[in-house]
Amino acid sequence: MGTQPDLCGFGTVTYMATKKVKAAGRVLPPVKTSRRTSKSSKLRSVDDLLSTGQRRELRADLDRMARIRRDAEATSGALRLS
Amino acid sequence: MPRPFIRCLEVARAGGAQTAVVETRYLDQDYRSEFSAFFSKTFPTTPDSTHRIHFFKRALSPDALWRLPPDPAYLGYVVIRPSPLARVGRTCLAVPPDLQANVHCAVACPVNFFGQELVVTAVPFAQQDTQLGRCAHVAAWVCHYTASLRGEVARRPMADFSLMADPSVAEGRQLPSQGLTGLQISNLMRDFGLPPIMYRMGELPVSGQEPPVPAHDSNDDPGLWDTRAIAVSCRFLNSGYPILVGTHDHAFVLIGYRRVRKPGSRDWISFVRHDDQRGPYLPVNDILNDTDPATGYRYRPWTLLLAPVPGKLWLLPEAAERSGRAYLMAWDSRQAQSVLRPLADAGRLTFRTYAIDSNAFKHAAAGRNLGLEAVREYRLARLSRIIWVVEAVDRRRRQRHQSCVLGEAVFDSTSSDEAPRPLLIRSPGAMLSVQTNGNIREPIPSTSRAVRSASPIDC
């Protein structure tokens, strides 16, 4: 009759290893925010680059492309190439 | 002599071939699969082996064949099937010198020549045998074998493209074959690890920088007016992926393109194709009026484009390009001095899109003079295995064969067509990096000068 290996400590070991890695510091240095121009404020999302109108146009174009793709894949199957 | 074989000899001659070596009773893996699946079952006796003809640019003597000189200038080979209907089997011939800059899908094809390892850079070609495999099978095989030589998929012998096509989704007999439908090709390529992106002429997506299509009636065949196929094809060819083109009754493979300058007008794009019925490395001068210049054969209008791509390439290149243009222009306008907008207003700005392994993209960063911080940011960024890159290109510098890339937007290839996910955006002078936890690192300084592309394919 054997005993089950004690895995209870495994999660703790992993957690401590992760903390050590984080404590070692990042390789990439912080960004110098003083480089931001007077035209810009901090970006929270890439979409912040676009105006509301630009976002709307982009969204409409992307929706159209996705629909074209679905239609092409649904209707192209019957063409025979020989 | 059949036209494909004549064309193979033309290609070898164009490469400067001085010596042809005929290797008899060669056991070719692709022909052996065809023999097993078909020729062994026919009434006439057909040999189970082939001949293979090798071409060299150097003049070689017979006693040099087993000990070649250090640089034998190998030009490739043609496998000759014993079948009178279709002599040209698997073929890897070096790209003709006048097309070297225009064939984007060439790969390294290793060859063992009597115990000596040789390599030829070529796009594989073959002729259909007309019974087991038709043009569609061979076109699919060209796309697949090219990918297998790049290490992206496991190799499949030629007969698999006939035997493993699902007969239940099309009418007609599997043998002798009457060709493949678009659905059969799509299923086949998906099963073989290269699920294709399908495009139908007349309903092609645009990124917004394509010229308007010519005026036409609503009943006109789209193959006679849909010039959007040019941009669609170029994006995949920029990435080294061949394009399978279907007309009403035939299939062939686009393997490259050439940009021809027309002063006062947009550049004219002509393509290079492999046509199993006419030979390798043939020009396509006008996709709307497609005629083979050597024979005068008039192709029927194009109907379908299939781009077999790696399984993790989910995002449409058109969606990446549309988003990339918007983000690049917007990011550029945030800088102290906008560079892209004045160029766009002067008609000098264009965008070029290609897919690349992110590791190769990172590797290329150091040699592009991006600036130390930008290179560090690129190399330490977490990127998807394959990325779409949308480059902002100065047309005038490109025409002068100078470094012409002013900026780029990098996209996750696993993101959705409806929400392409940018990972890096760089315009002249500054870049930003989108980290996987959602944080954005910006602004990071980068060069404001034009640099060369990260793509190994020069367009």
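What share of the contacts in chain B between residues at least 6 apart in sequence join residues at least 24 apart? I looked this up before anything else, and I got 65%. I'm keeping in mind that this is a predicted model.

**Chain B overall**

I went through the secondary structure of chain B and found 11 helices and 19 strands. Next I checked the radius of gyration, which is 23 Å; the globule rule gives 23 Å for 459 residues, so chain B is as compact as a globular protein of that length. I also looked up the extent of the C-alpha trace, and along its principal axes chain B spans about 75 × 60 × 45 Å.

Then I turned to burial. Of the 459 residues in chain B, 59% are buried. The accessible surface of chain B is about 18,400 Å², and carbon and sulfur atoms hold 50% of that.

For charges, I noted 54 positive and 44 negative side chains in chain B. The centres of these two sets sit 5 Å apart.

**Chain A**

On to the partner. I found 2 helices and 1 strand in chain A, and read from the N terminus their order is α-α-β. Chain A has 82 residues, and 22% of them are buried. I put down about 6,400 Å² as the area chain A exposes, with 56% of it from carbon and sulfur atoms.

**Where the chains meet**

How much area do chain B and chain A bury between them? I have about 4,400 Å², and 58% of that is on carbon and sulfur atoms. I then looked at who supplies it on the chain B side: Arg322(B), Arg334(B) and Glu418(B) give 17% of the area that chain B buries against chain A, more than any other three residues. As for residue counts, the contact draws 65 residues from chain B and 41 from chain A.

**A look at Ser446(B)**

I picked one residue to look at up close. Ser446(B) lies in the segment after β19, the strand that covers 440-445 of chain B. Is Ser446(B) buried or exposed? Its relative accessible area is 11%, and the cut-off for buried is under 20%, so I have Ser446(B) down as buried.

I also wrote down what Ser446(B) touches, leaving aside neighbours within four places in sequence. The contacts are Leu370(B), Ala374(B), Arg426(B), Ser427(B), Gly429(B), Ala430(B) and Met431(B). I followed up on one of these partners: Met431(B) is 15 residues from Ser446(B) in sequence, and their C-alpha atoms are 6.4 Å apart in space.

Technical notes. Residues are numbered from 1 along each chain as its sequence is written. Chains are lettered from A and ligands numbered from 1 in the order in which they are written. This is a predicted model: local features need pLDDT of at least 70, side-chain atom pairs count only at pLDDT 80 or more; totals for chains, interfaces and linings use all residues. Side-chain values use heavy atoms; hydrogens and water are left out. Helices (H or I, at least four residues) and strands (E, at least two) are DSSP runs, numbered from the N terminus. The radius of gyration is taken over C-alpha atoms; the globule rule is 2.2 Å times the number of residues to the power 0.38. Buried means under 20% relative accessible area, exposed over 50%, partly exposed in between (1.4 Å probe, protein chains only). Contact means heavy atoms within 4.5 Å. Accessible areas come from the Shrake-Rupley method with a 1.4 Å probe; for residues, only the protein chains shown count as cover. Lys and Arg count as positive and Asp and Glu as negative; His and the chain ends are not counted. The place of a charge is taken as NZ of Lys, CZ of Arg, CG of Asp or CD of Glu. Buried area is the accessible area (1.4 Å probe) that two parts lose on being put together, summed over both.
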